[in-house]
Amino acid sequence: MRLSPAVLELDSMVVNIQLTLTSIVQGVALTFLIENTRSVLSFDHAIWWLYALTGLCIIFIFWSRSILHTLTLIRWPLEFGHNFLYIACTLAECLLFTCLTKPKAWFELSMVYGFGVWVLFAYDLRMTKVREGDPASETSNRLCQL
């Protein structure tokens, strides 16, 4: 079963929207991390560098997971709930990055962020089940053959 050109165009548009959103929201998170890391950039505060490095890893993991998710799962119609959860997770990230020198708050906000990511994961599983019935495209068939 072939998808109509209109649906393929809509799929492409949704993927572009999702890629843009993912990059922008993680850019915002990176801005918060940079701003809060500036205050600990001396050897006297080297212990806090680990929190900044952890924050950078959080951004890398969330961004790469989001990009892979977009390239493999996101299609028309646009899932507003999914995008809202991305933004909510980024809010939690930004709040987390304001606590580089406050370990108790760092770990408390890490739990909030982790909970948000799990909610997003549960939402993604629902999206995956919906997509399981979609017909395979020529591109995906070629990828499987490779």
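A residue is termed buried when its relative accessible area is under 20%, exposed when that area is over 50%, and partly exposed in between. These terms are used throughout the following account of the structure, which is a predicted model. By this scale Glu35 is partly exposed, because its relative accessible area is 45%. Arg38, by contrast, counts as exposed, because its relative accessibility is 55%. The side chains of these two residues, Arg38 and Glu35, meet in a salt bridge with an N to O distance of 3.6 Å.

The confidence of the prediction was examined along the chain. The mean pLDDT of the protein chain is 88, and 90% of its residues reach 70 or more. Confidence is highest in helix H3, residues 80-97, where the mean is 95. It is lowest in helix H5, residues 138-145, where the mean is 64. Where pLDDT is low, the predicted coordinates should not be read in detail.

Helix H2 spans residues 46-73. It has 28 residues and reaches 41 Å from its first C-alpha to its last, which is close to the 40 Å expected at 1.5 Å a residue. The buried residues of H2 are Trp48, Tyr51, Ala52, Gly55, Ile58, Ile59, Phe62, Ser66, Ile67, His69, Thr70 and Leu73. The cover over these buried residues includes H1, H3 and helix H4, residues 103-131. Thr72 also lies in helix H2, but this residue counts as exposed, because its relative accessibility is 61%. The C-alpha atom of Thr72 is separated by 14 Å from that of Leu8, a residue 64 places away along the chain.

Helix H3 has 18 residues and reaches 26 Å from its first C-alpha to its last, close to the expected 26 Å at 1.5 Å a residue. The buried residues in H3 are His82, Asn83, Leu85, Tyr86, Cys89, Thr90, Ala92, Glu93, Cys94, Leu96 and Phe97. These buried residues of H3 pack against H1, H2 and H4.

Two residues of H3 illustrate different degrees of exposure. His82 is placed in helix H3 and counts as buried, because its relative accessibility is 0%, under the 20% cut-off. When neighbours within four places in sequence are left aside, His82 is in contact with Gln18, His69, Ile74, Leu120, Tyr123, Asp124 and Met127. One of these contacts, His69, is itself listed among the buried residues of H2. Ile87 is likewise found in helix H3, but it is partly exposed, because its relative accessible area of 41% falls between the two cut-offs of 20% and 50%. With neighbours within four places in sequence again left aside, Ile87 is in contact with Leu21 and Val25. The C-alpha atoms of Ile87 and Thr22 are separated by 8.7 Å, although the two residues are 65 places apart along the chain.

A nonpolar patch was identified on the surface. It is formed by Ile24, Val28 and Phe32, which together have about 250 Å² of accessible area. Ile24 is placed in helix H1, which covers residues 5-37.

The structure holds 4 salt bridges, one of which is the pair of Arg38 and Glu35 described above. Another is formed by Arg65 with Asp124, whose closest N and O atoms are 2.1 Å apart. This pair links distant parts of the chain, with Arg65 in helix H2 and Asp124 in helix H4, 59 residues apart. The partners differ in their accessibility: Arg65 counts as partly exposed, because its relative accessibility is 27%, whereas Asp124 counts as buried, because its relative accessibility is 4%. Asp124 is also among the residues in contact with His82.

A further salt bridge joins the side chains of Glu79 and Arg126, with an N to O distance of 3.3 Å. This pair too links distant parts of the chain: Glu79 lies in the loop between H2 and H3, and Arg126 lies in helix H4, 47 residues apart. Glu79 is partly exposed, because its relative accessible area is 21%, above the 20% under which a residue is termed buried. Arg126 counts as partly exposed, because its relative accessibility is 39%.

Key
Residues numbered from 1 in each chain as written. Predicted model: local features only at pLDDT ≥ 70, side-chain atom pairs only at ≥ 80, totals over all residues. Heavy atoms only, no water. pLDDT = per-residue confidence, 0-100. Helix = DSSP H or I, 4+ residues; strand = E, 2+ residues; numbered from the N terminus. Buried < 20%, exposed > 50% of the residue type's maximum accessible area, 1.4 Å probe, protein only. Contact = heavy atoms within 4.5 Å. Patch = residues over 30% accessible without salt bridge, like charges linked within 9 Å, V, L, I, M, F, W, Y side chains within 5 Å. Areas by Shrake-Rupley, 256 points an atom, 1.4 Å probe, with all protein chains shown as cover. Expected span 1.5 Å × (residues − 1).
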